[in-house]
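Q: Could you take me through this model feature by feature? I would like to know how to read each one.

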Amino acid sequence: MAATIIDGKEFAGRVRAQVARHVDRLKSDHDITPGLAVVLVGTDPASDVYVRSKGKMTREVGMKSVEHRLDAATSEAELLNLIETLNAAHDIHGILVQLPLPRHINEDLVINAIDPAKDVDGFHISNVGMLSTGQKAMVPCTPLGCLMMLRDHHGSLSGMNAVVIGRSNIVGKPMAQLLLGDSCTVTIAHSRTKDLADVVRRADIVIAAVGRPEMVPGDWIKPGATVIDVGINRLDAPERGAGKTRLVGDVDYESCAAVAGAITPVPGGVGPMTIACLLANTVTACCRANGLSEPEGLTA
Ligand code: NDP
């Protein structure tokens with residue numbers, strides 16, 4: 001039987017609509033407008049596209065969007081000064097520093113200078129610690145989006161075997177923590193894992209966050225398993241015309257979809273959920289800062 005396609009684009013639309021309704025309520029009942037500040041240092045074209053689209057979607061849900069575009073030569077001290085100003089700004093509830101930063105700036109130092117309560121990327125060391133100790137944290141957007149899709153599809157995840165391929169700080173590790181929090185039995189695989197195919201074959205849930213195009217073939221997937229493909233890889237596609245490209249994930253979609261019970265496509269799966277969760281985190285941060293109730297189902 002063909003796998004159910006988990007439509008991240010449609011789901012992200014629902015999440016954004018819920019965020020927009022909550023923003024409306026914050027405005028009408030409390031005269032509060034959630035604000036998100038995005039900081040971009042330098043002119044990396046991919047980062048520029050991300051920042052633009054984050055700004056557009058922030059405004060579309062009725063929140064205040066502030067962009068700080070700094071020269072590539074900006075010093076670490078200047079960036080830290082800006083973070084300090086944003087930490088103190090009452091109309092800013094979320095701060096996101098677009099990564100990667102230029103090499104002369106220490107990323108860890110900058111991320112850990114953000115007020116953890118405004119750290120909507122969930123990368124601050126306090127949020128990492130709170131997530132791993134099961135406390136109320138700001139949760140990294142991509143794994144949060146994956147968790148929401150899994151909960152939506154399965155209801156309870158309790159007792160399921162989950163394999164996360166990839167152990168990065170932004171996807172793999174927080175994803176594993178979230179699945180553990182939902183009582184999955186979690187295995188984290190990485191480049192040194194032996195018999196990866198065997199490990200993946202035991203999984204009821206496979207999360208692929210590797211950065212290697214179409215690395216996971218269908219014969220690694222247990223029949224009926226749920227496959228969440230985090231990968232975003234751009235490949236040349238000369239068949240579409242000169243200079244054309246196409247996006248693929250970290251799993252081989254056709255062969256995996258033939259075996260899986262459910263699967264996320266690329267594009268249109270995890271990607272749209274990531275920005276939706278950034279907006280969700282911002283409204284959550286705003287509610288927490290003002291001691292107000294948070295929107296339901298938008299946090300871990
Ligand atoms: P990283 O490069 O930081 O981490 C990749 C992980 O994959 C590492 O832990 C690495 O292991 C592991 N790995 C590499 N090769 C293999 C292999 N052959 N077998 C098993 N494990 C392997 O990547 P990210 O976590 O930042 O991103 C992963 C993917 O997700 C990328 O495609 C990225 O573009 C995408 N992404 C998508 C987002 C979205 O919004 N949809 C957001 C963020 C990322 P080791 O630690 O041993 O080196």
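Q: Which helix gives the most to the shell around the ligand?
A: The model is predicted. In the shell around the ligand, the top contributor is helix α10, residues 270-289, with three residues. The shell counts residues with a heavy atom within 4 Å of the ligand.

Q: How many residues surround the ligand, and which are the closest?
A: The ligand has 23 residues around it. Arg167, Ser168, Ser191, Arg212 and Thr274 are the closest.

Q: How do the residues of that shell divide into nonpolar, polar and charged?
A: Ten are nonpolar and ten are polar, while three are charged.

Q: Which polar contacts should I look at, and what is the cut-off?
A: A pair of N or O atoms counts within 3.5 Å. Here, the side chain of Arg212 places an N or O atom 2.8 Å from a nitrogen atom of the ligand. The side chain of Thr274 has an N or O atom 2.8 Å from an oxygen atom of the ligand. With Ile232 the backbone takes part: one of its N or O atoms is 3.2 Å from a ligand oxygen atom.

Q: How much of the ligand's accessible area does the protein cover?
A: The size of an interface is often given as the accessible area lost when the parts come together. On its own the ligand has 920 Å² of accessible area, and the protein covers 70% of that.

Q: In which pocket does the ligand sit?
A: It is the largest pocket that holds the ligand.

Q: Where are the cis peptide bonds that join Leu99 to Pro100 and Val266 to Pro267?
A: For cis bonds, look at omega. Between Leu99 and Pro100 omega is about 5 degrees, and Pro100 belongs to the loop between β4 (94-97) and α4 (107-111). From Val266 to Pro267 omega is near 0 degrees. Pro267 is found in the loop between β11 (262-263) and α10, the helix that gives the most to the ligand shell.

Q: Which residue other than glycine has a positive phi near 65 degrees?
A: That is Ser183, placed in the loop that runs between α7 (172-181) and β6 (185-189).

Q: What does the domain assignment give for the protein chain?
A: Domain 1 covers 30-116 and domain 2 covers 141-272. Taken over C-alpha atoms, their centres are 29 Å apart.

Terms used. Residues are numbered from 1 along each chain as its sequence is written. This is a predicted model: local features need pLDDT of at least 70, side-chain atom pairs count only at pLDDT 80 or more; totals for chains, interfaces and linings use all residues. Side-chain values use heavy atoms; hydrogens and water are left out. Domain bounds come from an automatic or database domain assignment. A polar contact is a pair of N or O atoms within 3.5 Å; within protein, one must be able to donate a hydrogen and the other to accept it, and residues adjacent in sequence count only if both atoms are side-chain atoms. Accessible areas come from the Shrake-Rupley method with a 1.4 Å probe; for residues, only the protein chains shown count as cover. On a 1 Å grid over the protein atoms alone, a cavity is a set of points where a 1.4 Å probe fits but cannot get out, and a pocket is an open set with protein on both sides within 12 Å along at least five of seven lines; lining residues have an atom within 4 Å of a point. A molecule sits in a cavity or pocket if more than half of its atoms lie within 2 Å of its grid points. Helices (H or I, at least four residues) and strands (E, at least two) are DSSP runs, numbered from the N terminus. Ala, Val, Leu, Ile, Met, Phe, Trp, Tyr, Cys and Pro count as nonpolar, Asp, Glu, Lys and Arg as charged, and the others, Gly among them, as polar.
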